[in-house]
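The following paragraphs lead through a structure step by step, beginning with side-chain pairs and ending with individual residues. Please keep the sequence and the model in view while reading.

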There are 2 protein chains.
Amino acid sequence: MTPHVSDILLEALAANAAAVNDEMAHLLPVPDGPERRVHDAMRYSALDGGKRLRPFLTVQAASLFNVSPAAALRVGCALEMVHCYSLIHDDLPCMDDDDLRRGRPTCHRQFDEATALLAGDALQSRAFEVLAAESTHPDPAVRCELVWQLAHAAGGMGMVGGQMVDLQAAQLTMDMADITRLQQMKTGRLIGFACEAGAILGKAPSSLRLALKNYAHDLGLAFQIADDLLDVQGDEMQVGKKLGKDADAGKATFVSLLGVEHARAQADMLAEQACRHLDPFGDAAHLLRLTARYVVTRSV
Amino acid sequence: MTPHVSDILLEALAANAAAVNDEMAHLLPVPDGPERRVHDAMRYSALDGGKRLRPFLTVQAASLFNVSPAAALRVGCALEMVHCYSLIHDDLPCMDDDDLRRGRPTCHRQFDEATALLAGDALQSRAFEVLAAESTHPDPAVRCELVWQLAHAAGGMGMVGGQMVDLQAAQLTMDMADITRLQQMKTGRLIGFACEAGAILGKAPSSLRLALKNYAHDLGLAFQIADDLLDVQGDEMQVGKKLGKDADAGKATFVSLLGVEHARAQADMLAEQACRHLDPFGDAAHLLRLTARYVVTRSV
């Protein structure tokens, strides 16, 4: 990857992150009255945070099908709300008990546990409210499918199911198949939705929808292996959260099972494989290909 | 209210509760794999519990418009999942820290805090997944509106917003208007959805939808005043949860502001007012009228 190519992606990511922040700020108004505290907490955790990779994937996937960028951004923001709610709950004392997220105090540290719990709950509700709103897309069948897919990806058979497995991971003997399944549930399903949502918005033929799903599958695993590598090799200040926790907890990871070098090679291989699924889209999928290479080389 | 009339309602409630339990059991399957723990917790809290008043309201309201009873039951179950998730999170140590719910250990007592947190999260996702599913109603516009309305009623502007206010209630000086607003958010919005969902499913004219909304408004307040009365006068064994908590916490309630007798009279008045909103439906709304009278006389 040449520095020039990387610049193109980083600029596109930054522009997308700014658009996501604007839209999220608009979608999360703060009412008067004492309930404003939970809205402040929602905004604290949902605004100005992270790479906004998931909404970027949605916007990029949607661009392959001439979808209105506003609609794609809206759906990306709903997805990001689910991601943010999961981070808030994940950081709570009964889960990972983290003090730091993206270099700032976690939501329950900045507010309190009850407020953080409620902020996560309300962000999840808000995500579905946004997806179901007429202003997101004129066709109710499209909105309904988005709601169903995101709810399925986020729930007990998807992200939350993966978190449940992860909580028991230290007590289980997990091989590569188990870890792969865990990570596909915990992080893969939302990344899958991010890409598939573009196809749903664009009423894409099933072959192209499947191509994006396959891309997301490999991208998600590559992303997770890179995350595991960062967890053992990353810079805590730069990453903005506590590292080395999986090893401390005695959990198997891609890196503990494969070793650093083999894991790195596997991540690169998956990124290349992800790109090949994008062949049917030709040059239009250029940024999605750069994204696949980026997730395995990022240091944040 | 004659004993005979009450029997009719109690029989209808019991039949509905049985139907809700069957449908919930069907809607909450338990997968293999270590994620089953969160599904066990979801079922523990969502099955065989409570009067199932909210789904009953949905089924009864829907019956006024010739809606398929299966569709109404499905929507009622989705709503009940949101209600159950809110109870699980409400019982957590960082919120009410309750050990007992419906006479059994609360979810985090039976499992653990992290599992209870995730079970609540997954129940919320599942509710929207069920509402958005084609099998719930053939018209995606109807399903979308149900998703939007439930998400709005449950989120930061509704139930969760009300919980946020409630958490600060002991520190605030609240008058009747404040308490009414708090309770309309915390419990009123979901009861409002319960009734309005019947009208949405039946594509009811707006005048009849409004009549049901007004009924729900008065019913919800009557319900809450009755709850406050039970909190000071009820039998802990019979009610199945700890009582007297509001007074212990120094929170204003309808009873602390109005006194027992005045509060009782207010609840009765609201129940009668609720019934009058049902005039346009004639005898078809008989069970909904009995319900309004029941909620202010119940001992559980």
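**Aromatic pairs, salt bridges and the interface**

Over all chains, a search of the whole structure finds five aromatic pairs. The model is a predicted one, and the values that follow are computed from it. In chain A, the rings of A:Y44 and A:F111 have centres 5.7 Å apart and planes at 75°, so this pair is edge-to-face, an angle over 60 degrees being the condition for that label. The pair links distant parts of the chain, since A:Y44 belongs to helix 2 of chain A, whereas A:F111 sits in the loop between helix 5 (107-110) and helix 6 of chain A, 67 residues apart. The relative accessibility of A:Y44 is 15%, and the residue therefore counts as buried.

Chain B contains an aromatic pair formed by B:Y44 and B:F111, which is edge-to-face with 5.7 Å from centre to centre and 75° between the planes. Here B:Y44 lies in helix 2 (residues 36-46) of chain B and B:F111 in the loop between helix 5 (107-110) and helix 6 (113-132) of chain B, so that distant parts of the chain, 67 residues apart, are linked. With a relative accessible area of 14%, B:Y44 is buried.

Turning to charged side chains, the search of the whole structure finds 28 salt bridges over all chains. One of them joins the side chains of B:R36 and B:D40, with 3.4 Å from N to O. These two residues are four residues apart in helix 2 of chain B, and they are therefore separated by about one helical turn. B:R36 is partly exposed, with a relative accessible area of 39%, and B:D40, at 26% relative accessibility, counts as partly exposed.

Another salt bridge involving helix 2 of chain B reaches across the sequence. Its partners are B:D112 and B:R37, whose closest N and O atoms are 2.5 Å apart. Because B:D112 lies in the loop between helix 5 and helix 6 of chain B and B:R37 in helix 2 of chain B, the pair ties together parts that are 75 residues apart in sequence. B:D112 counts as partly exposed at 26% relative accessibility, and B:R37 is partly exposed with a relative accessible area of 27%.

The side chains of B:R101 and B:D91 also meet in a salt bridge, at 2.9 Å from N to O. This pair links strand 1 (residues 100-101) of chain B, where B:R101 lies, to helix 4 (residues 69-91) of chain B, where B:D91 lies, the two residues being 10 residues apart. Both B:R101 and B:D91 are buried. In chain A, a network of salt bridges links A:E145, A:E196 and A:R209.

What, then, is found where chain A and chain B are in contact? There, 48 residues of chain A are in contact with 48 residues of chain B. The two chains bury about 4000 Å² between them, of which 73% is on carbon and sulfur atoms. Two salt bridges are found across this interface, and B:R181 forms a salt bridge with A:E35 in which the closest N and O atoms are 2.4 Å apart. The count of residue pairs in polar contact between chain A and chain B is 14, with both residues at pLDDT 80 or more.

On the side of chain A that touches chain B, the elements that give two or more residues are helix 2 (36-46), helix 4 (69-91), helix 6 (113-132), helix 7 (140-154), helix 8 (159-167) and helix 9 (176-201) of chain A. Helix 6 of chain A provides the largest share, 12 residues. By residue class, this side of chain A divides into 29 nonpolar, 11 polar and eight charged residues.

Finally, two individual residues can be followed. B:R143 has its place in helix 7 (residues 140-154) of chain B and counts as buried at 6% relative accessibility. Leaving aside its neighbours within four places in sequence, B:R143 is in contact with A:C144 and with B:L131, B:A132, B:A133, B:E134, B:H137 and B:P138. A polar atom of the side chain of B:R143 lies 2.7 Å from the backbone oxygen of B:H137. In chain A, A:N21 is placed in helix 1 (residues 3-27) and is buried, with a relative accessible area of 17%. Not counting residues up to four places away in sequence, A:N21 touches A:L47, A:D48, A:G49 and A:R52.

Notes: Residues are numbered from 1 along each chain as its sequence is written. Chains are lettered from A and ligands numbered from 1 in the order in which they are written. This is a predicted model: local features need pLDDT of at least 70, side-chain atom pairs count only at pLDDT 80 or more; totals for chains, interfaces and linings use all residues. Side-chain values use heavy atoms; hydrogens and water are left out. Contact means heavy atoms within 4.5 Å. Buried area is the accessible area (1.4 Å probe) that two parts lose on being put together, summed over both. A salt bridge is a side-chain nitrogen of Lys or Arg within 4 Å of a carboxyl oxygen of Asp or Glu. A polar contact is a pair of N or O atoms within 3.5 Å; within protein, one must be able to donate a hydrogen and the other to accept it, and residues adjacent in sequence count only if both atoms are side-chain atoms. Ala, Val, Leu, Ile, Met, Phe, Trp, Tyr, Cys and Pro count as nonpolar, Asp, Glu, Lys and Arg as charged, and the others, Gly among them, as polar. Rings of Phe, Tyr and Trp (its six-membered ring) pair if their centres lie within 6.5 Å; planes under 30 degrees apart count as stacked, over 60 as edge-to-face and the rest as tilted. Buried means under 20% relative accessible area, exposed over 50%, partly exposed in between (1.4 Å probe, protein chains only).
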